[in-house]
Amino acid sequence: MADYSCKLYSNLQKETGVETGFHQTGSLSLAQSEDRLLSLKWIASHLQVNDIPCSILSSAQVVELHPWVETADLHGALYVPVDGVVSPVDVCRAFAHAAIANGVRMYDRTAVSHVIVEKGMVTAVETDRGEITCEYFVNCAGQWAYELGQSCDEPVSIPLHPCEHFYLISHPAELPLASDLPVVLDPDGRIYVRPWKGGILSGGFEKNPKPICTEGKNQVEFQNLQHDWDHYGPLLQSLLERMPVLSDVQIRRLVNCPESFSPDMRCILGESPSVQNYFVLAGMNSSGSSLAGGAGRLLAEWIAFGSTSVDVWPLDIRRFSALQGSRTFLRHRVMEVVPLLYERLYHGVEFQTGRRLRTSPLYDRLDSQGARWTEKHAFERPKYFVTEGQSDGEQNVTFFKPCWFDIVRDEVLACKEAVCAIDMSSFTKFELRSTGRQALDMLQWLCCDDMDVPTGTVVHTGMLNANGAYENDCSIARLSKGNFFIVSSTDQHIRGWAWLSRHLPADGSVQLEDVTWKYTALNVIGPLAVSVLSDLSYIPISQNQFRYMVCKEMSMGYANGIRVISMTHTGEPGFVLYIPIEYALYIYNEMMGVGKKHGIKDAGYFALRSLRIERFFPFWGQDLNSCTTPLECGRENRVKFNEDIDFIGRKALLQQKQDGVRRRLIMLILTEHSCDEDPWPHGYEPIFRNNQFVGFTTSCDYSFTLKGHVCLGYVQHRDANNGQLLSVTPDYVTQGDYELEIAGTRYKAKVKLYPMQLPHTN
C-alpha cells in the first residue's frame, strides 16, 4: 500500500495541477542492535522481490547520506531511495480537486449525525444540511470513526482510540538542512526525523502515551491539543543523541495533534459485517499519508467489484470481535500499541492488555497445569505447557531457536506415539436448522463440496465467493436431515456469521444459531486416542468402527450429548469432542484420569501447528484466504464438479480448470538450514525457483518428524520475456531447484506438491 501511495503522490501534482509537497527523499531506518538489523534485512527481502529498490548500509554509508546522523552506536541501516514526503493537507486538496473535476459533489464543513439503515443495508445519511440518499457509505472519519459507527440505526463497531501525538518543528539551521536528505527512522530511539524548511520535523512514539477522550464521546475538532514538554522530553533526548548538531538549532514549536490507533497496529478496512454497503477505512496508526493511496485503491476495488485484487484479511474489520470494541479495552490497548509501533521487533509478541476476556471453562485448570497462553480473536488458547522440571526461559522471544523448543517437541512426540489433549474451545461453532431440506439447499449453494451426505457424515469444505475463492473453510457435520453443525477457525467467527446470515432465505425457513459458547472442544490426538475414548465411554471402539470424518453423539461417564468427530485438524489419528459446556471440567478430569495409563498429556497450539504443517494441512487466514481457490491449494477433489449442483463460485472454478491455475500451494523442506544457528522462518519469506522469485511462504514451523523446517507457500510461473502469468503444472513445480530467503540469506529446499507419507496417517 505504501509503495502504491508513493507512486500515486509522485504524479498527483502533474495530474491535478495542485501542489502536493511531494519530494522523493528516500528513507533511512537505523539499527541500534543486531536483532534490529536482522529485522531490517527481513524487510529488505520483501521490498526487493516486490521491485522496490533498497539496500542494507553500514554506519559509514549512513553518514554519507545524512551527515547529521550520529552513527557510533549503529549496527547498520536500511535505505529505501524511492520513499518520499508530502504535505497531507495539500494531498487532500489535490484529491478533492480531481474528484470535483470528475463529477463528485463535495459538502465541506458538513456534520454527519446519523446513518440510516433499511433491511440491513445503508440507504441514506442525515447531516446538518439535510438527508442525503446513498447506495454506499464509507466511514473514514479517523479519530471520530468510532463515534460515527455508533450513530447508525444498527451500530457498527470500529475498534480504534485516539492518543495525543507529539512532533517538533525547528527553525532553519545556520547551514539549512537540504530538503532532499532522507527521512530518518530510529525505532530503537522511538523517533522519526524529516527535513522541514531548512530545519527538521521530528516526532515519535513514547513509552507512556496519553489517550484522549477517555471519559466519553470524542468532541474534539481537528485542532492541536495543549503541548506537554515534560511528556515529550524523552523523545527530545533521543533526537539530540541521534543528531547532536540540533542542540544549536532553535525550536519553532511543539505540536500535539491526536492520532487514532487500532488494537493490533493494523489499519481497519472493509465492509461492516452487520450493515451491508457500510464500508470503513480508519485506524491508520499514524501512517495515514503513507498508506492512504494504496488503502483507498483497495477500498475502491471492494466497492466497485465486490472484492480486492489482493488478500486484505489482516486489515479486514471482521477480524475483530465485538468485545474488542469496548471503550475500556481500547483505552488500555492503545497505551500498549503506541510504543510497540517502533518497539515491536520479533514475531509472536503477545499483547498484554485486554487479556482473559474470552476463556474456556478449562482455563483455570489448564493454567494451574503450566499452560502458556496466546490470544486469538480475544480468546485465550494454550500455546504449550511447562510442567515440573521444565522451563521456557520466561517466554523470551527471538528470531532464532525459541525457548519452548524442547517442550513442544515432547508434546508433538506424545501426539505421535501416545495421546494428547488440546483445548480448542475457541473454534467457531454454528448450527443451521430447518424442518425440511431448506438448510441442505442453502449449504449446497454455499459449499463447493456435496453436502447431501448420510446423517453422521462430516464434510470438510469451502464456502466460496463469486471468484471461486474461500470465504470460509469449515467442517460440517450432518446431525439429522435438516440439522448441520458447522465448525471453522477461531478468527472466522464474525466473518462466517456474516456470510451465512446474508444467505439465509428471506422466508425464515432456515435458522442460524451461534453455539460457540455451548460447547467446549477437546482435540484428542494420537494413536492411543481410540483407547482413551473407549475407556471414557465404556464401549469398545476401534478405528474400523469409527471411520474418519464421522460424527456420533455419545455418553461419557455421567455426561451425555457429547458430539465426537473423527478428525483432528492435523492429519494425525484421533477425535474432537464437542462437550456441552456444563460437562466440560468433568469430562476433562475423567479423560485425564482414564488416559493416565495411556500416557496422556496436555498439549497446545504450537504442537498442533507443527503437526498440521508437516502434513501439508493448510489453515484459513494463513494458507487460505478470499483470493485462494480450491484448485490452487490442491483441494480439487473437494469440489462437486461431477454433479449437476450449482454453487457460488462454480462458474469461476470451471473457467480456472479450463485455463489452468496460475499459482499453486507447495511444501518446502529446508535442507541446509540449521535449527540451532540460523534465524527461523515465520511466513512471508520469498521463494526462489531456479534463482527466480516465484512466491512467498504462508506458514512455517519445525517438523520434529523430519527434523527440519517445513514451509507452505504459493508459487507462480511467469513468462521470462514478458512477465505474463502462465499455468503452474506439476512438472513446473517438481522440476525446479528451490531456495527460501530468510533475512537476506537463501537456504536450499526440497519441494513437495502433495502430502508426504508419515507415520500415523489417517
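**Entry 1: Arg381**

I began with Arg381, which counts as buried because its relative accessibility is 12%, under the 20% limit for that word. I keep in mind that this is a predicted model. Arg381 sits in strand 18, residues 379–385. Which residues does Arg381 touch, not counting those up to four places away in sequence? I listed Arg372, Trp373, Thr374, Lys376, Ser426, Phe427, Thr490 and Tyr605. I also looked up the spacing to Thr359: the two C-alpha atoms are separated by 7.9 Å, with these positions 22 residues apart along the chain.

**Entry 2: two helices that pack**

Next I turned to helix 1 (residues 2–16) and helix 7 (residues 288–305). Their axes are 7 Å apart and they pack at an angle of about 95°. The two helices are therefore roughly perpendicular to each other. On the helix 1 side, I found Ala2, Tyr4, Ser5, Leu8 and Tyr9 making the contact. Helix 7 brings Ser289, Ser290, Leu291, Ala292, Gly293, Gly294 and Arg297. How many of the contact residues are nonpolar, polar and charged? I noted six nonpolar, five polar and one charged.

**Entry 3: Thr25 and Ser59**

I then followed the chain from helix 1 into the loop that leads to strand 1 (27–31), where Thr25 lies. Is Thr25 buried or exposed? Thr25 is buried, with a relative accessible area of 4%. Leaving aside neighbours within four places in sequence, I saw Thr25 in contact with Pro81, Asp83, Gly84, Val85, Ser179, Asp180, Leu181, Pro182 and Val183.

Ser59 was my next stop, and I found it in helix 3, residues 59–65. Beyond its neighbours within four places, Ser59 is in contact with Thr71, Leu74, His75 and Gly76. Its C-alpha atom is separated by 8.8 Å from that of Asp73, which is 14 residues apart from it along the chain.

**Entry 4: the nonpolar cores**

Here I started from a general idea: in soluble globular proteins, nonpolar side chains tend to be buried together. In this model, the largest nonpolar core has 39 residues. Which of them touch the most other members? I wrote down Val408, Ile565 and Tyr578. The elements giving two or more residues to this core are helix 10 (405–417), strand 19 (420–423), strand 23 (483–488), strand 25 (519–525), strand 28 (574–580) and helix 15 (605–614). Helix 10 gives the largest share, six residues.

I looked closer at Val408: apart from neighbours within four places in sequence, it is in contact with Tyr384, Phe606, Ala607 and Phe704. There is also a second, separate core of 32 residues, which includes Leu536, Ile541, Phe575 and Ala584.

**Entry 5: two positive phi values**

Met265 caught my eye with a positive phi of about 70°, although it is not a glycine. I placed Met265 in the loop between strand 14 (259–261) and strand 15 (268–271). Met265 is buried, at 16% relative accessible area.

His569 also has a positive phi, near 65°, and is a residue other than glycine. I found His569 in the loop between strand 27 (559–565) and strand 28. His569 is buried too, with a relative accessible area of 7%.

**Entry 6: what the record lists**

Finally I opened UniProt. Its unreviewed entry lists "domain: FAD dependent oxidoreductase central" at residues 306–360. Over that stretch I read 31% helix and 0% strand, with the end C-alpha atoms 36 Å apart. UniProt also lists "domain: Aminomethyltransferase C-terminal" (unreviewed entry) for residues 663–753. There the chain is 5% helix and 55% strand, and the end C-alpha atoms are 12 Å apart.

Conventions:
Residues are numbered from 1 along each chain as its sequence is written. This is a predicted model: local features need pLDDT of at least 70, side-chain atom pairs count only at pLDDT 80 or more; totals for chains, interfaces and linings use all residues. Side-chain values use heavy atoms; hydrogens and water are left out. UniProt positions are given in the numbering used here, feature names are shortened, and annotations may be inferred rather than shown by experiment. Helices (H or I, at least four residues) and strands (E, at least two) are DSSP runs, numbered from the N terminus. Axes are lines fitted to C-alpha atoms, for helices over the stretch in contact, and angles run from 0 to 180 degrees between N-to-C directions. Angles under 35 degrees count as roughly parallel, over 145 as roughly antiparallel, 65 to 115 as roughly perpendicular and the rest as oblique. Contact means heavy atoms within 4.5 Å. Ala, Val, Leu, Ile, Met, Phe, Trp, Tyr, Cys and Pro count as nonpolar, Asp, Glu, Lys and Arg as charged, and the others, Gly among them, as polar. A nonpolar core is a set of buried Ala, Val, Leu, Ile, Met, Phe, Trp, Tyr and Cys residues joined through side-chain atoms within 4.5 Å. Buried means under 20% relative accessible area, exposed over 50%, partly exposed in between (1.4 Å probe, protein chains only).
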